[in-house]
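Let us take a friendly walk through a structure and see how its chains meet. Keep the 3D view open as you read, and find each residue as it comes up.

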Amino acid sequence: MEASFYHAKTRYPGIFGWLFTTDHKRIGLLYLISTLSFFAVGVSLGLTMRLELIRSGMHIISAQTYNSLFTLHGVVMIFLFIIPGIPASLGNFIMPLQIGARDVAFPKINILSWWLFITGGALAVTSLFTGGGPPDTGWTFYIPYSIRTGTNVSLAVFGVFLIGLSSTLTGMNFLTTIYRLRAPGMTWKRMTLFTWAIYATSWIQLLATPVLAITLLLIIIERFFGVGIFDPAKGGDPILFEHMFWIYSHPAVYIMIVPAMGAVTDIIPVFSRKNIFGYTAIAASSLAIAFVGYLVWGHHMFTSGMSDTSRIIFSFLTFLVAVPSGVKVYSWIASLYKGSITLGAPLLYTLGFIFLFSIGGLTGLVQGALDTNLHVHGTYFIVAHFHYVIFGGAVMGFFAGLHYWYPKMFGKMYEEHLAKLAWVFLFIGFNMLYFSMFVLGWEGMPRRYYDYLPRFNGPNLVSTIGSWVLAMGLIIMFYNLIHSLFSGANAGDNPWGAASLEWQTSSPPPTENFKDIPVVTKGPYDFK
Amino acid sequence: MEQKQEERAHVPTQVFVIVWIALLCLTGLTIKAAQMKMGEWSMVANIAIASAKASLVLWFFMHLKYEKRLFKLLIFVPIITVSIIIVLTFFDIWYR
Amino acid sequence: MNETAHIEHRDYVGAKLGMWLFLFTEILLFGGMFLVYSVYREVNTADFHEAGMEMNMTIGAINTLILLTSSLTMALSIAAIKRAAKMRSILFQAVTIILGIAFLVNKYFEWSDHIRHGFYPDSPKLLAMSHGKILFFGLYYVMTGIHALHVVIGISIIGFILILTLRDSVSGTDYVKLENAGLFWHLVDVIWIYLFPLFYLIL
């Protein structure tokens with residue numbers, strides 16, 4: 001049996017062979033461990049918030065602490081977990097294998113990206129304990145509060161800046177890799193749709209993140225030097241800040257979801273033993289989402305005071321961006337139709353993804369319409385929407401991909417019944433936790449408040465209990481995945497009988513990925 | 001490892017010098033346009049001249065003329081992105 | 001087997017592609033600042049014109065000429081190395097660095113002058129002025145400041161490449177590092193090509 005990449009003789013001994021590796025597979029695992037650790041932190045913050053909100057009038061923390069909690073929850077979950085999320089972990093590990101490459105185009109920049117990520121994360125965490133205390137601005141850092149508050153905004157924001165740089169460099173790396181390192185015969189149309197998704201996502205990472213970078217830098221410069229660029233007292237325009245912030249942060253949500261869509265698109269053909277329906281449409285829709293995603297950021301700002309003309313334009317464009325996502329959902333359903341379905345855990349999580357993402361997406365339309373937006377902006381409706389698309393969508397898709405590629409990455413198989421049991425807890429807990437929020441928001445409960453009127457008690461209680469059920473599901477799922485590392489059955493090279501290239505090498509792969517670079521003669525979902 | 005033969009586009013020194021002289025002339029032109037004090041039309045003229053200068057630098061100094069077609073196509077991606085961002089933002093600024 | 005040994009590959013086009021993609025991020029970074037500038041200019045046009053009078057067009061024009069010339073010398077240094085004219089390439093690289101330093105020296109004098117006259121962020125003199133003027137100077141310092149930072153980075157990179165050229169790590173058969181350094185330097189020039197009219201030619 002070939003030695004896997006775990007047993008490679010590295011330039012540096014022991015743990016340093018991991019911390020200073022240039023092997024994309026090891027780097028993918030470094031990201032996996034670190035992003036999941038931050039996820040655990042984010043979950044704890046969320047559970048604490050839900051505990052505070054279990055009943056009207058009851059407090060376990062102060063209002064100031066609550067503000068810092070939701071700020072941190074957002075910063076950690078968004079910048080430290082889900083944006084790096086799939087691209088940095090699964091993308092790093094799997095994409096080069098799928099295109100038949102030995103590694104990414106710039107392996108040293110790859111590990112630099114991880115170190116930037118870790119450093120940025122460390123700085124963001126440090127901001128909790130130094131200076132004026134943890135930021136309380138919300139993860140959106142809106143002006144003027146973010147330039148007036150005494151809390152540790154600059155340090156946290158600089159941490160995010162470094163994480164952004166990490167993301168940008170990864171995008172650059174992956175694009176060059178896909179352009180230059182595809183195996184012979186691997187035409188664009190023979191790439192997996194996961195790789196297509198990583199390709200589209202990399203463009204967003206490359207082009208949108210710098211706008212965030214300059215916005216964050218301007219906050220720091222404003223706090224230190226008072227230049228006045230956003231300060232309304234000096235002529236600055238807080239709405240312009242919102243523009244610049246969302247010019248990045250809207251495309252950012254497509255960084256979160258597109259790779260997840262790519263993962264489930266790879267899973268569906270394998271578990272229905274049928275070629276994917278609409279390969280070209282799905283590939284094109286990834287690119288379309290990436291492009292149109294740049295045009296809709298104003299829908300986060302409908303109540304900010306921007307012009308009516310621009311509100312109408314952004315609302316129209318927002319409805320447009322739903323179309324390519326719809327194309328994907330239809331194609332997935334059509335791919336499953338009359339397939340020979342095996343309801344393995346990856347497919348179960350995929351189905352959960354499709355259902356929850358669709359709810360999230362449809363409620364996005366409610367928010368995209370100007371009149372209804374007025375009613376729901378700043379309420380729990382928005383909170384429910386984005387948790388459905390990000391958590392029910394991107395994260396569920398991440399879990400699907402994690403289970404699907406688990407045997408490839410670790411050479412072991414997880415325990416199927418536990419995976420399914422976890423799913424049940426996750427699905428039930430998730431809907432209890434977040435569907436209640438649709439109700440609360442519609443009834444008028446504002447977000448980012450540490451207390452609420454007694455009439456909101458019922459759904460809040462359901463929501464908090466839902467958070468415990470969800471947490472239970474996460475515990476079962478991660479227990480399963482971690483425990484199976486040690487006691488799982490050996491997986492074999494291709495336990496799913498998949499056709500894409502990563503499954504044509506051993507599990508786990510050797511350091512150089514393939515003994516000989518394969519010559520590709522058929523499509524990625526061609527099971528014949 | 002060797003560079004591929006196709007990359008050996010030997011640009012003669014004169015080309016670079018001519019481009020440099022053109023850039024200097026355009027710089028002079030843009031100063032003149034500003035001194036004509038046409039108000040905001042001066043700015044339009046100056047941005048146009050700046051774009052001409054930038055194009056010369058991109059095409060010759062940055063070797064874009066001799067690069068693969070992919071590079072020539074890709075350069076439009078950030079340009080279009082920045083343009084879209086500015087235009088969409090101005091729908092707010094102009095009509096507030 | 002050493003894990004890096006057989007993953008080594010030299011991809012000349014790939015290396016350049018990576019650099020071009022990185023330059024795209026710089027275009028977006030400065031693009032964000034140009035967005036802010038254009039918005040505030042649109043809203044404070046008269047104030048920007050008045051504030052623009054404070055700028056020294058001569059220094060701006062000289063700096064423009066300096067950077068344009070440094071782009072020429074950079075391009076010539078690459079042409080030289082392609083012909084394996086090592087010392088000529090090094091000479092042109094050195095001249096590029098010197099021109100870059102000259103740019104920074106000019107900037108230093110320019111900024112000192114403005115600061116001496118009371119035009120700096122949060123200064124009492126500036127705060128007493130209209131919003132448009134405060135914004136103009138704020139943008140001036142931020143945009144030319146971040147640009148100057150890139151000039152410093154560019155000089156450092158070229159300096160590093162110069163040493164590699166001396167050691168023959170950069171040579172007539174392997175010069176992509178020099179080309180990539182050149183690409184970065186030219187972008188710094190292109191950004192200044194736009195900054196010049198925006199700050200120095202509002203008359």
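This report looks at two interfaces, then at the confidence in one chain, and then at some local details of the backbone and side chains. Please bear in mind that the model is predicted.

## Where chain B meets chain C

A good place to begin is the contact between chain B and chain C. Here 49 residues of chain B take part, along with 50 residues of chain C. Together the two chains bury about 4,500 Å², and carbon and sulfur atoms account for 75% of that area.

Which parts of chain B face chain C, and how do the two chains pair up? In polar terms, the interface has six residue pairs in polar contact, with both residues of a pair at pLDDT 80 or more. On the side of chain B that touches chain C, at least two residues come from each of α1 (13–35), α2 (40–61), α3 (69–74) and α4 (76–95) of chain B. If you sort the residues on this side by class, you get 29 nonpolar, 12 polar and eight charged ones.

There is also one salt bridge between chain B and chain C. To find it, look for K16(C) and E67(B). Their closest N and O atoms are 2.6 Å apart.

## Where chain A meets chain B

Now turn to the other interface, where 21 residues of chain A are in contact with 14 residues of chain B. The area buried between chain A and chain B is about 1,500 Å², with 77% of it on carbon and sulfur atoms. Which three residues of chain A supply more of its buried area against chain B than any other three? They are Y179(A), L207(A) and S307(A), which supply 24% of the area that chain A buries there.

Chain A and chain B share one salt bridge. In it, the side chain of D237(A) meets that of R96(B), at 3.0 Å from N to O. Four residue pairs across this interface are in polar contact, again with both residues at pLDDT 80 or more.

On the chain A side, the elements that give two or more residues are α6 (153–180), α7 (193–225), α8 (238–272) and α10 (308–336) of chain A. Of these, α10(A) gives the most, with five residues. By class, this side of chain A has 14 nonpolar, five polar and two charged residues.

## How confident is the model of chain B?

Chain B has a mean pLDDT of 89, and 91% of its residues reach 70 or more. Among the elements of chain B, the lowest mean pLDDT is 93, for α2(B), while the highest is 96, for α4(B). Residues 1–6 of chain B are another matter: pLDDT stays under 50 there. For that stretch the model has nine contacts beyond four places in sequence.

## A side chain with two partners

Next, zoom in on D11(C), in the segment before α1 (12–43) of chain C. Its side chain makes a polar contact of 2.9 Å with the side chain of R180(A). A polar atom of the D11(C) side chain also lies 3.1 Å from the backbone nitrogen of G14(C).

## Backbone details to look for

The table gives two cis peptide bonds in chain A.

| Residues joined | Omega |
|---|---|
| I143(A) and P144(A) | about 0° |
| S507(A) and P508(A) | about -10° |

You can find P144(A) in the loop between α4 (107–126) and α5 (145–148) of chain A. P508(A) sits in the segment after β2 (489–490) of chain A.

Two other residues are worth a look for their phi angles. K338(A) has phi near 60°, a positive value in a residue other than glycine. It is found in the loop between α10 and α11 (345–368) of chain A. Is K338(A) buried or exposed? Its relative accessibility is 71%, so K338(A) counts as exposed.

D122(C) likewise is not a glycine and has a positive phi, near 70°. Its place is in the loop between α4 (86–116) and α5 (124–127) of chain C. D122(C) counts as partly exposed because its relative accessible area is 40%, and the partly exposed class runs between 20% and 50%.

How values were computed. Residues numbered from 1 in each chain as written. Chains lettered and ligands numbered in written order. Heavy atoms only, no water. Contact = heavy atoms within 4.5 Å. Buried area = accessible area lost by both parts, 1.4 Å probe. Salt bridge = Lys/Arg side-chain N within 4 Å of Asp/Glu carboxyl O. Polar contact = N/O pair within 3.5 Å; in protein donor to acceptor, adjacent residues only side chain to side chain. Helix = DSSP H or I, 4+ residues; strand = E, 2+ residues; numbered from the N terminus. Nonpolar A, V, L, I, M, F, W, Y, C, P; charged D, E, K, R; others polar. pLDDT = per-residue confidence, 0-100. Buried < 20%, exposed > 50% of the residue type's maximum accessible area, 1.4 Å probe, protein only.
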